[in-house]
Amino acid sequence: MSKYTAEKSVWINEGGRVVCRNHGGDYLRSAIAHGDGPHILTPLDDWLYHSPEIVTLHNLTCEDCQRIEVHDG
Ligand SMILES: [Zn+2]
């Protein structure tokens, strides 16, 4: 089992794109399922795992689904 599938975790690529593990594409998804991380190189991108703690700290959300709920006080 992968350690990098925590709820609310995100992946950020070298270009600054922020996605959840479902929206990083097939290469990223299969690499995560394979147990790779926290740094994953795919033929298309260079991804770095960000834990839920970092996500909360910096208010990061997946650019595709944006389903991570952020409560702004
Ligand atoms: Zn997403």
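1. Cys 62 is buried, its relative accessible area being 0%, where buried means under 20% relative accessible area with a 1.4 Å probe and protein chains only. This is a predicted model, in which local features need pLDDT of at least 70 and side-chain atom pairs count only at pLDDT 80 or more, while totals for chains, interfaces and linings use all residues. Residues are numbered from 1 along each chain as its sequence is written, and side-chain values use heavy atoms, with hydrogens and water left out.

2. Cys 62 (SG) is also one of the protein donors of the zinc ion, together with Cys 20 (SG), His 23 (ND1) and Cys 65 (SG), at 1.9 to 2.3 Å from the ion; donors are N, O and S atoms within 2.8 Å of the metal (3.2 Å for Na, K and Ca). The angles among the four donor atoms run from 101 to 116 degrees, and the site is tetrahedral, a label that asks for all angles to lie between 85 and 135 degrees.

3. Cys 62 and Cys 20 belong as well to the largest nonpolar core, which has eleven residues, including Trp 11, Leu 28, Ile 40 and Trp 47; such a core is a set of buried Ala, Val, Leu, Ile, Met, Phe, Trp, Tyr and Cys residues joined through side-chain atoms within 4.5 Å. The largest share of this core, three residues, is supplied by α1, a helix being a DSSP run (H or I) of at least four residues.

4. Ile 40 is buried, with a relative accessible area of 3%, and its contacts (heavy atoms within 4.5 Å) include Trp 11, Leu 28 and Trp 47. Although Ile 40 and Leu 28 are twelve residues apart in sequence, they lie 7.3 Å apart in space, C-alpha to C-alpha.

Methods: Buried means under 20% relative accessible area, exposed over 50%, partly exposed in between (1.4 Å probe, protein chains only). Helices (H or I, at least four residues) and strands (E, at least two) are DSSP runs, numbered from the N terminus. Four donors count as tetrahedral if all angles lie between 85 and 135 degrees; four count as square planar and six as octahedral if opposite donors are over 155 degrees apart and all others between 65 and 115; anything else is irregular. Lists of a residue's contacts leave out its neighbours within four places in sequence.
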